[in-house]
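Trainee: I would like a close look at a single part of this model, followed by its surroundings. Please take it slowly and keep it plain.

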Amino acid sequence: MAHYIYENSPEYFEDWEETLEACIDGKDWKQFLTSKEAVKIMSEMNPRAVWTIEDIKNACIELGVLFEKIPTWNLPALAVTMNMEYSDHEKSNAMLAMDLEKLTKLIYMRAVEKLEDADDKYGVRKYFGL
């Protein structure tokens with residue numbers, strides 16, 4: 001059946017595969033987004049998202065930090081949360097007058113802290129109504 005879906009609807013197969021991987025890998029579902037969900041959320045942000053999923057991955061590689069922490073959170077959830085942190089704190093971020101590398105690392109740390117919050121108050125899926 002998977003082969004049939006892949007051949008007839010590769011886009012649907014990709015969503016299905018990401019969701020299935022979350023279930024099999026035991027990821028914490030509320031800190032997991034598919035790439036398609038993340039792109040949709042980021043396209044609706046106001047102010048708009050500044051980084052794509054690929055930008056986040058490349059920045060993480062350059063900074064030498066994780067871009068996924070299985071089973072806690074995945075790259076699309078990180079990308080959405082980083083963009084949210086940047087957007088929600090745009091004025092206070094500007095006041096810090098940091099260079100781009102330091103600001104990116106700060107926003108990364110804020111996003112990871114939110115995704116791994118011990119109080120378990122922030123669930124990216126719930127926050128964005130998924």
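Trainee: Which residues does asparagine 83 touch, not counting residues up to four places away in sequence?

Mentor: Keep in mind that this is a predicted model. Leaving out residues up to four places away in sequence, asparagine 83 touches Met42, Met45, Ala49, Val50 and Trp51. Asparagine 83 itself is found in helix 5. Its relative accessible area is 1%, and buried means under 20%, so asparagine 83 counts as buried. One of its contacts can be described in atomic detail: a polar atom of the asparagine 83 side chain lies 2.8 Å from the backbone nitrogen of valine 50.

Helix 5 spans residues 75–88, and the buried residues of helix 4 pack against it. They also pack against helix 3 (35–43) and helix 7 (100–115). The buried residues in question are Ile53, Ile56, Ala59, Cys60 and Leu63, in a helix that covers residues 53–63. They lie on the same side of helix 4 because they cover an arc of only 125° around the axis. The face turned away from that buried side carries the exposed residues Ile61 and Glu62. After helix 4 comes glycine 64, with a positive phi near 75°.

Helix 5 also takes part in a pairing of charges. Side chains of opposite charge can pair when their charged atoms come close. Here, the side chains of glutamate 85 and lysine 114 meet in a salt bridge, with 3.5 Å from N to O. This pair links distant parts of the chain, since glutamate 85 sits in helix 5 and lysine 114 in helix 7, 29 residues apart. The two ends are covered to different degrees: glutamate 85 has 5% relative accessibility and counts as buried, whereas lysine 114 has 28% and counts as partly exposed.

Helix 3 has a link of this kind as well. Glutamate 37 and arginine 125 meet through their side chains in a salt bridge of 3.0 Å, N to O. Glutamate 37 belongs to helix 3 and arginine 125 to helix 8 (residues 124–127), so the pair links distant parts of the chain, 88 residues apart. With a relative accessible area of 21%, glutamate 37 is partly exposed. Buried means under 20%, so glutamate 37 falls outside that class. Arginine 125, at 8% relative accessibility, counts as buried.

A further salt bridge joins lysine 40 and glutamate 44, whose closest N and O atoms are 2.7 Å apart. Glutamate 44 counts as exposed, at 53% relative accessibility. A search of the whole structure finds 4 salt bridges, among them the pairs described here.

Now the whole chain. The protein chain has 8 helices and 0 strands, and along the sequence its pattern reads α-α-α-α-α-α-α-α. It has 130 residues, of which 37% count as buried. Among contacts with a separation of 6 or more, 64% come from residues 24 or more positions apart. The accessible surface of the chain comes to about 8200 Å², and carbon and sulfur atoms account for 54% of that surface.

To return to the starting point, asparagine 83 is a buried residue of helix 5, and Val50 and Trp51 are among the residues it touches.

Definitions and conventions. Residues are numbered from 1 along each chain as its sequence is written. This is a predicted model: local features need pLDDT of at least 70, side-chain atom pairs count only at pLDDT 80 or more; totals for chains, interfaces and linings use all residues. Side-chain values use heavy atoms; hydrogens and water are left out. Buried means under 20% relative accessible area, exposed over 50%, partly exposed in between (1.4 Å probe, protein chains only). Helices (H or I, at least four residues) and strands (E, at least two) are DSSP runs, numbered from the N terminus. The arc is that of the directions from the helix axis to the C-beta atoms. Contact means heavy atoms within 4.5 Å. Accessible areas come from the Shrake-Rupley method with a 1.4 Å probe; for residues, only the protein chains shown count as cover. A polar contact is a pair of N or O atoms within 3.5 Å; within protein, one must be able to donate a hydrogen and the other to accept it, and residues adjacent in sequence count only if both atoms are side-chain atoms.
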